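Q: Hi! I have a structure open here and would love some help finding my way around. Could you walk me through it?

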Amino acid sequence: MAEKVEGFNFEQRHGKERVRVARVWKTNDGKHYVVEWRVSISLLSDCVNSYLHDDNSDIVATDTMKNTVYAKAKECSEMLSVENFAIELAKHFVSFYKQVTTAIVNIVEKPWERIIVDGQPHMHGFKLGSERHTVEAIVKKTGSLQLTSGVEGLSVLKTTKSGFEGFIRDKYTALPETRERMLATEVTARWRYSYESLSSISQKPLYFTEKYEDVKRVLVETFFGPPNVGVYSPSVQSTLYQMARATLNRFPDIDSIQLKMPNIHFLPVNISNAGGQIVKFNDDVYLPTDEPHGSIQATLSRFWSKM
Ligand SMILES: O=c1[nH]c(=O)c2[nH]c(=O)[nH]c2[nH]1
């Protein structure tokens, strides 16, 4: 979207970041639903005069963008997925303002989960879970859509069925080869749906919420393997690839997936003093760390994907 101004190339966008909103829906029988969203909006619009000529007449004020989040949340009388809310917001900006050609809406959903009290799901009580649902919707005036969902902060750990062998050994290598170690990571995933227009997405308001739960389930099941026997991981790289492949094999409407999986190290503890060994490591006592950590990431796409 670069344009030429005064002999330069110029690219610009403006928006509002981190607008926080919570929305409650109540059924007639007293059951409540709640979502909490952190919304960021970025508009590509024809407002170059504000940069060059002190003329703001083509500017959508970022304060108006913020208000629009609350107005649209109010308008959503039925519960809907965070994806559908992002699309609704983006659609509004490209259709309402002639200056706006593209709207980019990013949302992070806080994981409020219904609390169980005395074994029963509470009607209006929630507790905060761990991993967060993310979405990016990019909508153009033409009606074209790019929809990317994701999860961040999905922390997983297994205490065995992991090893790392056969890597390059040289004069700086100290790491022993092993077929027995802890494997811990905090998964960040982003997957792009194949839908390319507003008119091609499902009309079910919670379609993408169900998809999000299904993708998470496939990622987690592939990481751990079956409950009783697990699955051996020869490296974070191999496990990451299996997780990405399982996702694309399972969901035909996902075209590509990016996974970031830091290798969060749990170090063997061995302690000695002059009198001898105080603690001898026997795959039992570890020093948990958060830095430094390995950093492993990859994107797997179908040949025709645009990610
Ligand atoms: O699964 C792993 N992948 C690596 O690339 C790596 N490097 C390292 O030191 N340990 C590990 N583990």
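A: Happy to, so here is a chat that goes from the whole chain to a few single residues.

A: Before we start, this is a predicted model, where local features need pLDDT of at least 70, side-chain atom pairs count only at pLDDT 80 or more, and totals for chains, interfaces and linings use all residues. Residues are numbered from 1 along each chain as its sequence is written.

Q: Cool. How many helices and strands does the chain have?
A: The chain has five helices and 16 strands. Helices (H or I, at least four residues) and strands (E, at least two) are DSSP runs, numbered from the N terminus.

Q: And what does the C-alpha trace span along its principal axes?
A: About 80 × 65 × 40 Å.

Q: What percentage of the residues count as buried?
A: Of the 307 residues in the chain, 24% are buried. A residue is buried if 20 or more other C-beta atoms lie within 10 Å of its own, exposed if 12 or fewer, and partly exposed in between, with C-beta atoms placed from the backbone.

Q: What about contacts between residues far along the sequence?
A: Take the contacts between residues at least 6 apart in sequence: 64% of them join residues at least 24 apart. Two residues are in contact if their C-beta atoms, placed from the backbone, lie within 7 Å.

Q: Let's do helices. How do helix 4 and helix 5 cross?
A: Helix 4 (residues 207-224) and helix 5 (residues 236-250) have axes that come within 9 Å and cross at roughly 140°. That makes helix 4 oblique to helix 5. Axes are lines fitted to C-alpha atoms, for helices over the stretch in contact, and angles run from 0 to 180 degrees between N-to-C directions. Angles under 35 degrees count as roughly parallel, over 145 as roughly antiparallel, 65 to 115 as roughly perpendicular and the rest as oblique.

Q: Which residues make that contact?
A: From helix 4 there are Val215, Val218, Leu219, Thr222 and Phe223, and from helix 5 Thr239, Gln242, Met243, Ala246, Thr247 and Arg250. By class, this contact of helix 4 with helix 5 has six nonpolar, four polar and one charged residues. Ala, Val, Leu, Ile, Met, Phe, Trp, Tyr, Cys and Pro count as nonpolar, Asp, Glu, Lys and Arg as charged, and the others, Gly among them, as polar.

Q: Now helix 2 and helix 3: at what angle do they pack?
A: Helix 2 (residues 62-75) and helix 3 (residues 82-96) pack at about 125°, with their axes 10 Å apart. That makes helix 2 oblique to helix 3. Thr68, Val69 and Lys72 of helix 2 meet Glu88, Leu89 and His92 of helix 3. The contact of helix 2 with helix 3 has two nonpolar, two polar and two charged residues by class.

Q: Switching topic, what surrounds the ligand?
A: Around the ligand are Phe164, Leu175, Ser235, Val236, Gln237, Asn263 and Gly294. Being near a molecule here requires a C-beta atom, placed from the backbone, within 6 Å of it. The shell has three nonpolar, four polar and no charged residues.

Q: Anything curious in the backbone?
A: A cis peptide bond joins glutamate 291 and proline 292, with omega about -10°. Proline 292 is in the loop between strand 15 (286-288) and strand 16 (297-301). Lysine 161 has a positive phi of about 60° although it is not a glycine, and aspartate 283 has a positive phi of about 55°, again without being a glycine.

Q: Where are those last two, and is each exposed or partly exposed?
A: Lysine 161 lies in the loop between strand 9 (145-158) and strand 10 (183-193). Lysine 161 counts as partly exposed because it has 16 C-beta neighbours inside 10 Å. Aspartate 283 sits in the loop between strand 14 (276-279) and strand 15, and counts as exposed because it has 12 such neighbours inside 10 Å.

Q: One more loop: what does proline 205 contact?
A: Leaving aside neighbours within four places in sequence, proline 205 is in contact with Glu78, Met79, Leu80, Ser81 and Asn84. Proline 205 is found in the loop between strand 10 and helix 4.

Q: And serine 130?
A: Serine 130 is in the loop between strand 7 (120-128) and strand 8 (132-140). Serine 130 and serine 155 are 25 residues apart in sequence and 8.2 Å apart in space, C-alpha to C-alpha.
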